[in-house]
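Q: I would like a close look at the side-chain contacts in this model, taken slowly and with the surroundings of each contact described. Please begin with the cysteines and then go on to the rings and charges.

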Amino acid sequence: MKTRTFQQVDVFTDTAFLGNPLAVVLDGTDLSDAQMQAFARWTQLSETTFVLPPTPAGVAGGADYRVRIFTPGAELPFAGHPTLGTAHAWLKAGGQPRQSGQLVQECGVGLVSLKSVDGRWAFAAPPLQRQTPAPALLAEVLAALGLQPDEVLAAQDLNNGPHWLGLLIDSVDSLLALEPDHAALKRLNTKVGVAAKRESNANHSANGLIRRANREARAFAASTRIANDPTDLEVRAFAAPVGIAEDPVTGSLNASLAQWLMAEGHMPGRYSARQGTALGRAGQVFLSKDAQGQVWVGGDVVGCIQGTVTL
């Protein structure tokens with residue numbers, strides 16, 4: 001065991017404690033997979049990252065550093081808020097990019113580029129594979145969420161490293177009132193990202209009305225919080241299979257949602273997403289598509305804890 005530099009940051013927020021926290025061990029050399037997983041389990045944060053020197057292949061591709069990303073239950077090939085949070089921590093610790101104004105991160109999915117977009121660091125959304133979900137699985141997921149099929153505007157199986165079932169539903173209030181059966185989602189081994197367009201709040205199904213009536217205070221409070229902000233899309237992420245009932249703010253999910261929803265015309269080429277409202281957070285994700293069709297995912301990062309950890 002040795003003393004290693006450590007930071008804890010809050011991602012997708014400009015105000016500490018309102019985003020998604022991330023633990024960053026800035027020297028992961030000589031740690032085994034089991035040691036990394038044990039520390040990630042101990043932090044009980046949605047993700048913990050370990051910074052390493054890039055591999056020879058990474059160096060050849062321009063990587064500034066390599067990162068391994070762990071949830072309390074598993075390692076991830078890629079995740080968005082750990083990408084932005086690790087970049088912030090690495091730079092704050094004195095990291096020097098090989099190319100000014102740009103970063104290249106090596107991780108499980110390969111090389112991920114970062115650059116400044118509108119004054120914030122943003123990462124290039126990895127290539128997305130998507131397809132129509134299997135009807136039987138979709139039906140079981142909807143049952144676990146308590147949603148009726150007529151509340152779903154679109155559904156897509158999304159994979160950009162992390163694998164999500166994406167749902168676009170017809171009401172922000174219904175989205176914020178969801179109380180999923182997390183045990184069922186874990187049994188189905190399915191992570192689910194649910195989104196609703198902010199102006200789309202016209203769900204009049206009996207199921208939706210009953211659900212909102214039963215949770216009136218919670219839905220009212222959540223709706224009030226978003227009433228006067230410019231958010232275009234509200235998002236929630238349920239990830240029971242990797243040990244997280246609900247993730248506060250999820251970059252990888254927002255990346256794949258943006259690639260899908262922009263391609264299908266559900267969202268414009270530039271929009272903002274809000275996530276974490278139901279958890280008392282105020283995460284903000286900024287999505288944009290450049291002239292070459294690349295989607296960029298940006299957000300603010302705030303440092304919260306800086307010190308050392310013995311590992």
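How many disulfides does the structure hold?

A: The model is a predicted one, and it holds zero disulfides. Two cysteines can be placed by their exposure: Cys107 has a relative accessible area of 10% and is therefore buried, being under the 20% cut-off, whereas Cys304, at 34% relative accessibility, counts as partly exposed. With no disulfide to describe, the close look turns to aromatic rings and charged side chains.

Among the rings, the structure holds six aromatic pairs. One of them is formed by Tyr65 and Trp90, whose ring centres are 5.0 Å apart and whose planes make an angle of 40°, an arrangement classed as tilted. This pair links distant parts of the chain, since Tyr65 belongs to strand S4 (residues 65–70) and Trp90 to helix H3 (residues 80–92), with their positions 25 residues apart in the sequence. Both partners, Tyr65 and Trp90, are buried. A further pair joins Phe78 to Phe123, here edge-to-face, with 5.4 Å from centre to centre and 70° between the planes. It too links distant parts of the chain, with Phe78 in the loop between strand S5 (75–76) and H3, Phe123 in strand S8 (residues 120–124), and a separation of 45 residues. Phe78 and Phe123 are likewise buried. Elsewhere, ring pairs bring Phe6, Phe39, Trp42, Phe50 and Phe70 together in a cluster.

Rings also meet positive charges in this model. Arg120 lies over the face of Phe286, 3.8 Å from the centre of the ring, and the charged end of Lys191 is found over the ring of Trp164, at 4.5 Å from its centre.

For contacts between opposite charges, a search of the whole structure finds eight salt bridges. In one of these, the side chains of Asp33 and Arg68 meet with an N to O distance of 2.9 Å. The bridge links distant parts of the chain, for Asp33 lies in helix H1 (residues 33–43) and Arg68 in strand S4, 35 residues apart. The two ends are not equally open to the outside: Asp33 counts as partly exposed because its relative accessibility is 45%, while Arg68, with a relative accessible area of 15%, is buried.

Asp118 and Arg270 form another salt bridge, in which the closest N and O atoms are 2.7 Å apart. Asp118 is placed in the loop between strand S7 (110–117) and S8, and Arg270 in strand S15 (residues 270–275), so this bridge ties together parts that are 152 residues apart in sequence. Here each partner is exposed, Asp118 with a relative accessible area of 57% and Arg270 at 52% relative accessibility.

A third bridge to consider is that of Arg187 and Glu140, whose side chains meet at 3.8 Å, N to O. Two helices that are distant along the chain are linked in this way, Arg187 being part of helix H6 (residues 182–188) and Glu140 part of helix H4 (residues 135–145), 47 residues apart. Arg187 is exposed, with a relative accessible area of 60%, whereas Glu140, with a relative accessible area of 37%, is partly exposed. Salt bridges that share partners also join Asp33, Arg68 and Glu75 into one network, which places the bridge between Asp33 and Arg68 in a wider setting.

The loop between H1 and strand S3 (48–52) holds a charged residue of another kind, Glu47. Glu47 is buried yet has no salt bridge, and the nearest side chain of opposite charge, that of Lys191, is 7.1 Å away. Why does the pair not count as a salt bridge? The 7.1 Å separation of Glu47 and Lys191 exceeds the limit, because a salt bridge needs the side-chain nitrogen within 4 Å of a carboxyl oxygen. The charged end of Lys191 instead sits over the ring of Trp164. The side chain of Glu47, for its part, makes a polar contact with the side chain of His81 at 3.1 Å.

Leu45 is found in that loop between H1 and S3 as well, and it is buried because its relative accessible area is 13%. The C-alpha atoms of Leu45 and Pro72 are separated by 7.1 Å, although the two residues are 27 residues apart along the chain.

Notes: Residues are numbered from 1 along each chain as its sequence is written. This is a predicted model: local features need pLDDT of at least 70, side-chain atom pairs count only at pLDDT 80 or more; totals for chains, interfaces and linings use all residues. Side-chain values use heavy atoms; hydrogens and water are left out. Rings of Phe, Tyr and Trp (its six-membered ring) pair if their centres lie within 6.5 Å; planes under 30 degrees apart count as stacked, over 60 as edge-to-face and the rest as tilted. Helices (H or I, at least four residues) and strands (E, at least two) are DSSP runs, numbered from the N terminus. Buried means under 20% relative accessible area, exposed over 50%, partly exposed in between (1.4 Å probe, protein chains only). A charge sits over a ring if NZ of Lys or CZ of Arg is within 6 Å of the ring centre and within 35 degrees of the ring normal. A disulfide is a pair of cysteine sulfur atoms within 2.5 Å. Lys and Arg count as positive and Asp and Glu as negative; His and the chain ends are not counted. A polar contact is a pair of N or O atoms within 3.5 Å; within protein, one must be able to donate a hydrogen and the other to accept it, and residues adjacent in sequence count only if both atoms are side-chain atoms.
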